[in-house]
Amino acid sequence: MLTGTSHNGWNRVTSGLDVEVEHGVPVRITNSHAKNHLNERAITNQVQQLTGLSVSIDDWINITPGEQEWSLCIDKNEFAEVLRRLALASAALFVDRFHKPIGRNAIDWDNAEYNYDFNHAIEHCCIPYGTLNKDYYFDDYIQIMHEESARLFEEGISPLVEAEQ
């Protein structure tokens with residue numbers, strides 16, 4: 001079952017193991033059975049089935065006795081897909097706020113959202129800053145965001161948008 005790009009929240013992937021998803025992008029896992037030995041490959045496969053994105057489990061911390069939290073790294077080859085999902089969420093945010101599609105003159109919106117989403121996509125994929133050509137992805141991102149805002153507006157879809165944290 002793949003989550004949609006508007007999906008946000010926690011999803012149970014197995015007993016005691018939950019994955020947090022923001023805009024269809026997995027961001028972290030919690031394990032409330034810290035004493036149990038976990039099969040990382042099985043967990044990453046379950047996250048991929050849920051979100052469609054390949055992940056690896058990164059550093060873990062103990063939150064409380066018996067509960068751990070891991071951050072996730074999405075495969076860097078899926079960076080463009082992560083950025084696409086964030087562009088779709090930004091389009092929904094615009095339609096939710098302004099009740100119209102993004103216009104050609106929304107340059108400030110385009111630049112602000114692109115910078116914000118590009119930086120988040122880099123973080124989600126654990127890619128070091130400065131290693132990707134930021135300008136390379138801009139035109140595709142803007143096209144996706146504008147087309148999605150027009151689609152949402154034309155179809156009368158009022159997306160549920162959760163605030164960023």
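**Exercise 1. Compare the span of helix H3 with the expected one, and find which of its residues are buried.**

Solution.
1. In this predicted model, helix H3 covers residues 107-124, which is 18 residues, and its first and last C-alpha atoms are 25 Å apart. At 1.5 Å a residue 26 Å is expected, and the helix comes close to that.
2. The buried residues of H3 are Trp109, Asp110, Glu113, Tyr114, Asp117, Phe118, Ala121, Ile122 and His124.
3. These residues span an arc of only 170° around the axis, so they sit on the same side of H3.
4. The spacing fits a general rule: an α-helix has 3.6 residues a turn, so residues three or four places apart point the same way.
5. The cover over the buried residues of H3 includes strands E2 (17-22), E3 (25-31) and E5 (67-74), as well as helices H2 (79-98) and H4 (134-154).

**Exercise 2. Place strand E5 among its partner strands, and state how many of its residues are buried.**

Solution.
1. On one pairing, E3 runs antiparallel to E5 over 4 bridges. Here Thr30 stands opposite Glu69 in E5.
2. In another pairing, strand E4 (residues 55-64) is antiparallel to E5 over 7 bridges. Ile57 stands opposite Leu72 in E5.
3. E4 and E5 make a hairpin with 2 residues between them, and Gly66 in the turn has a positive phi of about 95°.
4. Of the 8 residues of E5, 6 are buried, so the strand is largely enclosed by the rest of the structure.

**Exercise 3. Determine which cysteines form a disulfide, and what the link joins.**

Solution.
1. Apply the cut-off: two cysteine sulfur atoms within 2.5 Å count as a disulfide. The count comes to 1 disulfide.
2. The pair is Cys73 and Cys126, with sulfur atoms 1.8 Å apart. The angle about the S-S bond is -90°, and the link is left-handed.
3. Cys73 belongs to strand E5 and Cys126 to the loop between H3 and H4, so the pair ties together parts 53 residues apart in sequence.
4. Cys73 is buried, at 10% relative accessibility, whereas Cys126 is partly exposed, with a relative accessible area of 37%. Cys126 follows just after H3 and takes a positive phi of about 55°.
5. Cys125 must be ruled out: its sulfur is 7.5 Å from the closest cysteine sulfur, that of Cys126, which is too far for a bond. Cys125 is buried, at 4% relative accessibility.

How values were computed. Residues are numbered from 1 along each chain as its sequence is written. This is a predicted model: local features need pLDDT of at least 70, side-chain atom pairs count only at pLDDT 80 or more; totals for chains, interfaces and linings use all residues. Side-chain values use heavy atoms; hydrogens and water are left out. The expected span of a helix is 1.5 Å times one less than its number of residues. Buried means under 20% relative accessible area, exposed over 50%, partly exposed in between (1.4 Å probe, protein chains only). The arc is that of the directions from the helix axis to the C-beta atoms. Contact means heavy atoms within 4.5 Å. Two strands pair if DSSP finds at least two bridges between them.
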